[in-house]
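Trainee: Could you take me through one part of this model in detail? I would like to see how a single helix sits among its surroundings.

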Amino acid sequence: MSFHSLFVNRYGMQWAGAAPYEFFQDTENRQLVTCFQLLRAGKLKEAMNIYWRLTPIRIFWLESIMPMVTLGSYNFKMFKYAQWLVGGAGGDERFPCMRLYEHDKEAIKHLMRASGIKVRDDEYPY
């Protein structure tokens with residue numbers, strides 16, 4: 001059982017906190033919204049299917065972003081890349097900013113696809 005399912009079922013929680021949710025859904029397949037709707041409807045099994053499908057990208061997100069949070073920073077370039085993959089504007093960062101390596105971009109794209117998220121195929125212009 002996920003942390004959120006416990007709080008949704010027990011307390012009626014309707015939010016997931018602050019995070020770059022573009023990593024977990026696209027405009028056509030709003031998986032987190034659906035997951036919360038299922039939890040609120042008491043359909044734990046269906047909600048947990050979505051939760052486990054998103055596990056690969058969630059683990060990547062935790063492993064790559066959480067160490068930066070402990071330093072008091074975020075890799076906003078990574079967030080913008082994830083936003084761009086699902087149809088957002090992306091954009092460049094003003095300096096100083098963190099770097100986004102090619103292997104990170106490939107991992108993000110691969111894991112988003114593996115989690116059922118539709119991503120762009122064209123080259124990131126920033």
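**A close look at helix H5**

Mentor: Happy to, and let's begin at the far end: H5 is followed by Gly87, whose phi is positive, near 110°. Keep in mind as we go that this is a predicted model.

First, the setting. The protein chain has six helices and zero strands, and along the sequence they follow the pattern α-α-α-α-α-α. The radius of gyration of the chain is 15 Å, close to the 14 Å that the globule rule gives for 126 residues, so the chain is as compact as a globular protein of that length. Along its principal axes, the C-alpha trace spans about 45 × 35 × 20 Å. Of the 126 residues, 39% count as buried. Among contacts between residues at least 6 apart in sequence, 61% join residues at least 24 apart.

Now to the helix itself. H5 covers residues 76-85. Seven of its 10 residues are buried, so H5 is largely enclosed by the rest of the structure. The buried ones are Lys77, Met78, Phe79, Tyr81, Ala82, Trp84 and Leu85; note that a lysine is in that list. As for partners, the buried residues of H5 pack against H4 and H6.

That brings us to the core. The largest nonpolar core has 29 residues, and those with the most contacts inside it are Phe23, Ile57, Met78, Tyr81, Leu85, Ile108 and Met112. Elements giving two or more residues to this core are H2, helix H3 (44-53), helix H4 (55-70), H5 and helix H6 (102-114). H5 supplies the largest share, six residues. In soluble globular proteins, nonpolar side chains tend to be buried together.

Ile108 is a good place to see how these pieces meet. Leaving aside its neighbours within four places in sequence, Ile108 is in contact with Phe23, Ile57, Phe60, Met78, Tyr81 and Leu85. Of those partners, Met78, Tyr81 and Leu85 are among the buried residues of H5. An α-helix has 3.6 residues a turn, so residues three or four places apart point the same way.

The aromatic rings add another layer. The model has nine aromatic pairs. In one of them, Phe23 and Phe79 are edge-to-face, 6.5 Å centre to centre with 90° between the planes. This pair links distant parts of the chain: Phe23 lies in the loop between helix H1 (3-11) and helix H2 (31-40), Phe79 is in H5, and the two are 56 residues apart. Phe23 and Phe79 are both buried. Phe79 also pairs with Tyr74, this time in a tilted arrangement with 6.0 Å between centres and 50° between the planes. The burial of these two partners contrasts: Phe79 is buried with a relative accessible area of 10%, whereas Tyr74, at 40% relative accessibility, counts as partly exposed. Ring pairs join Phe23, Tyr74, Phe76 and Phe79 into a cluster.

To put the helix together: H5 is largely enclosed, its buried residues pack against H4 and H6, and Phe79 ties H5 to the loop between H1 and H2 through its ring pair with Phe23.

Conventions. Residues are numbered from 1 along each chain as its sequence is written. This is a predicted model: local features need pLDDT of at least 70, side-chain atom pairs count only at pLDDT 80 or more; totals for chains, interfaces and linings use all residues. Side-chain values use heavy atoms; hydrogens and water are left out. Rings of Phe, Tyr and Trp (its six-membered ring) pair if their centres lie within 6.5 Å; planes under 30 degrees apart count as stacked, over 60 as edge-to-face and the rest as tilted. Helices (H or I, at least four residues) and strands (E, at least two) are DSSP runs, numbered from the N terminus. Buried means under 20% relative accessible area, exposed over 50%, partly exposed in between (1.4 Å probe, protein chains only). A nonpolar core is a set of buried Ala, Val, Leu, Ile, Met, Phe, Trp, Tyr and Cys residues joined through side-chain atoms within 4.5 Å. Contact means heavy atoms within 4.5 Å. The radius of gyration is taken over C-alpha atoms; the globule rule is 2.2 Å times the number of residues to the power 0.38.
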